[in-house]
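Me: I'd like a close look at one part of this model: the salt bridges. Once we have been through those, please carry on to whatever else is worth seeing in the strands and loops.

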Amino acid sequence: MNTNFAKGLLLAAASMLLVSACNDGARISGTIEGAPDSEIVVNRLEINKLQAVDTIRTDANGKFAVKVDVEKGNPEFYYINRGSSRLAAVVVNAGDKLTVTADTLGSFDVKGSADAELYCQVEKDYKAFTDKMAQMADEYAENHAPEISQAMGKTFVDYYRSRLRFVVENVHSIVAVPVLYQKAGNLQVFGQQVDAIHFRNLADTLETVYPESRYVKALRSEAQKRIGTLDLVTRINTADQIGMFDIELPDLKAEKKKLSDMDAKVVLLHFWTNRIPEQRQFNLEVLKPIYMTYASKGLDIYQVAFDENKNEWANTVKGQNLPWTSVCDINGEYSKYLSLYNVKSLPAVFFLKDGELQQVEVETIQDLVNAIESLLK
C-alpha cells in the first residue's frame, strides 16, 4: 500500500474519532399512544426558549426514533411536542439510548439513564402540583372560601420545601437546574429573595461537574443577579434612614435619564410592564388625559417599564406618542429598582414633590386624580 495513502487514512480515522469524542450524540425512541402516523417536533432548550431541531413522524403504531446532538460532558434538555402539546421531556447525555412511552394527554415515562428517569419524575411531580393548584384556584374563584385559600398556601409551601430538599439532595445533577425556575401560575416557586443563595450554591457545585454547560452558565448569571438584589435589599433594610431612591435608565434614544433631574413641582413615578395589554391601555385611557390636564399646572411623569424585550416596549411608546419621560429596565422582574421601592406587583405609582418621596395610597383612578390635585396645591 502507498505509504502516503496509508498515512492519509490514519489521519482521517483519527479525525473521525476526534469528532465522535466531541459529539457522541444520543438516541431517543419510543411510542406515543393515540398518535399513529402523526407529526411530532423535537425541541431543544436554549436557555430561555425552545428551538425546534427536528420534525419526524410516528409509524402506524405510534412508534418513533430520532438522533439528537449532545456533546460529551454537556447534557441537553429535549422536549417532544405534538402541535402545541408537550408529550415528553427528557435530559440527554452523550451516548444515551432513551426509551419514551407517552400518551397525548401529557403522561409519559422515560427509561435508559438515571438522569432521564430522575427528570421524568421531576416533571411528573411538577404537573401534579400545578394541576392541584389550578383546581383549587378554580374552586376559590367560585366561592372565595378562606379554607381553599389556606389550602393553596399550604400546598405551595409544601411543594417549595420538597423542591428545596430535591435540589440539596441532587446538587451534582443538571436535573436540579430547571427545578429552580418552576412556577405556579405567575408565582415563582423559588421567588423569595433569600432563594438567591440556592441559585448560587447550585451554580458553585455544577460548575465543577459541567464547566462548559450553557445551562450552568445561565444559572451562574441568574445567581449573580439575585445575589446582587439580595445584597442591595439587605443594605437598605439595615440603613438608618432611607430617602428618595434615584433611577437612571435609557429612554427611546438610548440616552440615560435620571429621576432626580425631573424639575416639575410634582412627579408621578409610574412602574409598569408592556407585556400586559391592560397596562398599555392605561397609558392612553388614564395617564395621557391626566398629563394633558395637569402638566401646565406643574405635573410631570417619569415612567419606568420593566421589560426584557426593549423593542416591543419602544414600539408601544412610539405608537402611543407618550409625551413624558419613558425609560425601560431590561432586567424585568429582577430589577433592583423594584426591590428599592418594595414593589410586589405591577403597575405601581409613587409621587415626588419638590424632590421628596410622598406617602400617598392610590387604589383607584379617582385616588390618583385626588392625590395629584392635593400635591399641586
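Reply:
**Salt bridges first**

Arg163 has a relative accessible area of 7%, so this residue counts as buried. Keep in mind that the model is predicted. Arg163 meets Asp125 in a salt bridge, with 3.6 Å between the closest N and O atoms. The two residues come from distant parts of the chain: Arg163 belongs to helix α3 (residues 146-169) and Asp125 to helix α2, 38 residues apart. Asp125 is partly exposed, at 26% relative accessibility, whereas its partner Arg163 is buried.

Helix α2 also takes part in another pair. Arg86 and Glu123 bring their side chains together in a salt bridge at 3.6 Å, N to O. Since Arg86 sits in strand β6 (residues 85-92) and Glu123 in helix α2 (residues 114-143), this pair ties together parts 37 residues apart in sequence. Here the acid is the buried partner, Glu123 having a relative accessible area of 14%, while Arg86 is partly exposed at 38%.

Next comes Glu207, whose salt bridge with Arg220 has its closest N and O atoms 2.9 Å apart. This one joins helix α5 (residues 196-209), which holds Glu207, to helix α6 (residues 214-237), which holds Arg220, and the two residues are 13 apart. Arg220 is buried at 17% relative accessible area, and Glu207 is partly exposed at 31%.

These pairs are part of a total of 15 salt bridges found in the whole structure. There is also a network, in which salt bridges link Arg44, Glu46, Glu76 and Arg214.

**On to strand β2**

Of the 7 residues in strand β2 (residues 39-45), 6 are buried, which leaves the strand mostly covered. β2 pairs with strand β3 (residues 50-57) in the antiparallel sense, over 7 bridges, and Leu45 has Leu50 as its bridge partner in β3. The hairpin they form has 4 residues between the strands, and Ile47 in this hairpin takes a positive phi near 65 degrees. β2 is also joined to strand β5 (residues 76-82), antiparallel again, by 4 bridges; there Val42 stands opposite Ile80.

Past β3, the loop leading to β4 (63-68) holds Thr58. Thr58 is buried, since its relative accessible area is 4%. Its side chain reaches the backbone oxygen of Ala35 at 2.6 Å, and a polar atom of that side chain lies 3.0 Å from the backbone nitrogen of Asp37. Neighbours within four places in sequence aside, the contacts of Thr58 include Ile32, Pro36, Ser38, Ile40 and Phe64.

**The open sheet**

Finally, look further along the chain for an open sheet of 5 strands, in the order β15-β14-β13-β16-β17 and with mixed pairing. β15 (325-329) and β17 (356-358) are the edge strands, each pairing on one side only. From one strand to the next, the twist averages 25 degrees. Within the sheet, strand β13 (residues 266-272) pairs with strand β16 (residues 348-353) in the antiparallel sense over 6 bridges, and His270 stands opposite Val349 in β16.

Two helices are worth adding to your picture. Helix α8 (residues 310-320) packs on the sheet and touches β13, β14 (299-306) and β15, its direction making about 165 degrees with that of β15. Helix α10 (residues 365-376) also packs on the sheet, touching β13, β14, β16 and β17, and its direction makes about 10 degrees with that of β16.

Technical notes
Residues are numbered from 1 along each chain as its sequence is written. This is a predicted model: local features need pLDDT of at least 70, side-chain atom pairs count only at pLDDT 80 or more; totals for chains, interfaces and linings use all residues. Side-chain values use heavy atoms; hydrogens and water are left out. Buried means under 20% relative accessible area, exposed over 50%, partly exposed in between (1.4 Å probe, protein chains only). Two strands pair if DSSP finds at least two bridges between them. Axes are lines fitted to C-alpha atoms, for helices over the stretch in contact, and angles run from 0 to 180 degrees between N-to-C directions. Contact means heavy atoms within 4.5 Å. A polar contact is a pair of N or O atoms within 3.5 Å; within protein, one must be able to donate a hydrogen and the other to accept it, and residues adjacent in sequence count only if both atoms are side-chain atoms. A salt bridge is a side-chain nitrogen of Lys or Arg within 4 Å of a carboxyl oxygen of Asp or Glu.
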